[in-house]
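Trainee: I should like to learn how to read a helical model, feature by feature. May we begin with a single residue and then widen the view?

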Amino acid sequence: SEVQIELWPHVVATGCPADQEALLFINVCGVMSMMFVPFLLPARLRVLATLFNLAFVAGNAAIFHIAPFILTGGHYNAGLAQCVLMNLPIALWAARHLMRDNSISPAQLAGALLLAAFPGQPLLVLGPSLLLAHGLVSKAIAQLLLLSSLSLAPAAYA
């Protein structure tokens, strides 16, 4: 029989589509590498790369923590408290200030949300994990794909 993974039922049923080692790699290597990208770019691109990162943080909170909590009828998942109390409010606050200061346009915000939140984030984060789960790539290649996609995405958006 063919193995089919449907993203939302899997996330809701298990609380997470990745194992603990993959989560550690995603958070420590992937996401932290994203946060340094704006500092490496020319000044005119830093705001857009920062906007991408804010959209990624907000998207992660909404897609991988808050939505599963709601869809499971209140089942707690690791990272939920941090996302609700810190990640989402700070990302929204910072994006609001960028808009208010005319540092970004509504179109740039919409583009960042599409690329870094939904549907972009599930593809960036889960794509390599699903390739690995189906035996299409090795663990090292999956990690390389994840690290490169997360590290290069803010610069590519900017």
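**Reading burial, core and surface**

Mentor: Asparagine 87 is found in helix 4. Please keep in mind that this is a predicted model.

Trainee: Is asparagine 87 buried or exposed?

Mentor: The general idea is a cut-off: a residue is called buried when its relative accessible area is under 20%. Asparagine 87 has a relative accessible area of 17%, so this residue counts as buried. Leaving out residues up to four places away in sequence, asparagine 87 touches Val57 and Gln82.

Trainee: What does the side chain of asparagine 53 reach?

Mentor: Begin with its setting. Asparagine 53 belongs to helix 3 and is buried, with a relative accessible area of 5%. Its side chain reaches the backbone oxygen of methionine 34 at 3.0 Å. Beyond residues up to four places away in sequence, asparagine 53 touches Met34, Met35, Pro38 and Pro154.

Trainee: Let us widen the view. How many helices and strands are there in the protein?

Mentor: The protein has seven helices and zero strands, and its pattern along the sequence reads α-α-α-α-α-α-α. Of its 158 residues, 36% count as buried.

Trainee: Which residues have the most contacts inside the largest nonpolar core?

Mentor: The general idea first: in soluble globular proteins, nonpolar side chains tend to be buried together. In this structure, the largest nonpolar core has 26 residues, and those with the most contacts inside it are Phe52, Phe56, Leu124, Val125, Leu150 and Tyr157. Two or more residues are given to this core by each of helix 2 (20–40), helix 3 (43–71), helix 4 (80–100), helix 5 (106–117), helix 6 (120–133) and helix 7. Helix 3 gives the most, with nine residues.

Trainee: What does leucine 124 touch?

Mentor: Not counting residues up to four places away in sequence, leucine 124 touches Phe52, Phe56, Leu115, Leu146, Ser149, Leu150 and Ala153. One of these, leucine 146, deserves a closer reading.

Trainee: Where does leucine 146 lie, and with which residues is it in contact?

Mentor: Leucine 146 has its place in helix 7 and is buried, with a relative accessible area of 5%. Apart from neighbours within four places in sequence, leucine 146 is in contact with Phe25, Ile26, Leu124, Val125 and Pro128. Phenylalanine 25 is 121 residues from leucine 146 along the chain, and their C-alpha atoms are separated by 8.9 Å.

Trainee: How should contacts that span the sequence be read for the protein as a whole?

Mentor: One takes contacts between residues at least 6 apart in sequence and asks what share join residues at least 24 apart; for this protein the share is 64%.

Trainee: Is leucine 145 buried or partly exposed?

Mentor: Leucine 145 also lies in helix 7, but this residue is partly exposed, with a relative accessible area of 35%. The term applies because 35% falls between the limits of 20% for buried and 50% for exposed.

Trainee: Which residues make the nonpolar surface patch?

Mentor: Leu131, Leu136, Ile141, Leu144 and Leu145 make a nonpolar surface patch of about 440 Å². Its largest share, three residues, comes from helix 7 (residues 139–157).

Trainee: And how is the whole surface described?

Mentor: The protein exposes about 9,000 Å², of which carbon and sulfur atoms supply 70%. To review helix 7, leucine 146 is buried, whereas leucine 145 is partly exposed and takes part in the nonpolar patch.

Conventions:
Residues numbered from 1 in each chain as written. Predicted model: local features only at pLDDT ≥ 70, side-chain atom pairs only at ≥ 80, totals over all residues. Heavy atoms only, no water. Patch = residues over 30% accessible without salt bridge, like charges linked within 9 Å, V, L, I, M, F, W, Y side chains within 5 Å. Areas by Shrake-Rupley, 256 points an atom, 1.4 Å probe, with all protein chains shown as cover. Salt bridge = Lys/Arg side-chain N within 4 Å of Asp/Glu carboxyl O. Helix = DSSP H or I, 4+ residues; strand = E, 2+ residues; numbered from the N terminus. Buried < 20%, exposed > 50% of the residue type's maximum accessible area, 1.4 Å probe, protein only. Core = buried A, V, L, I, M, F, W, Y, C linked by side-chain atoms within 4.5 Å. Contact = heavy atoms within 4.5 Å. Polar contact = N/O pair within 3.5 Å; in protein donor to acceptor, adjacent residues only side chain to side chain.
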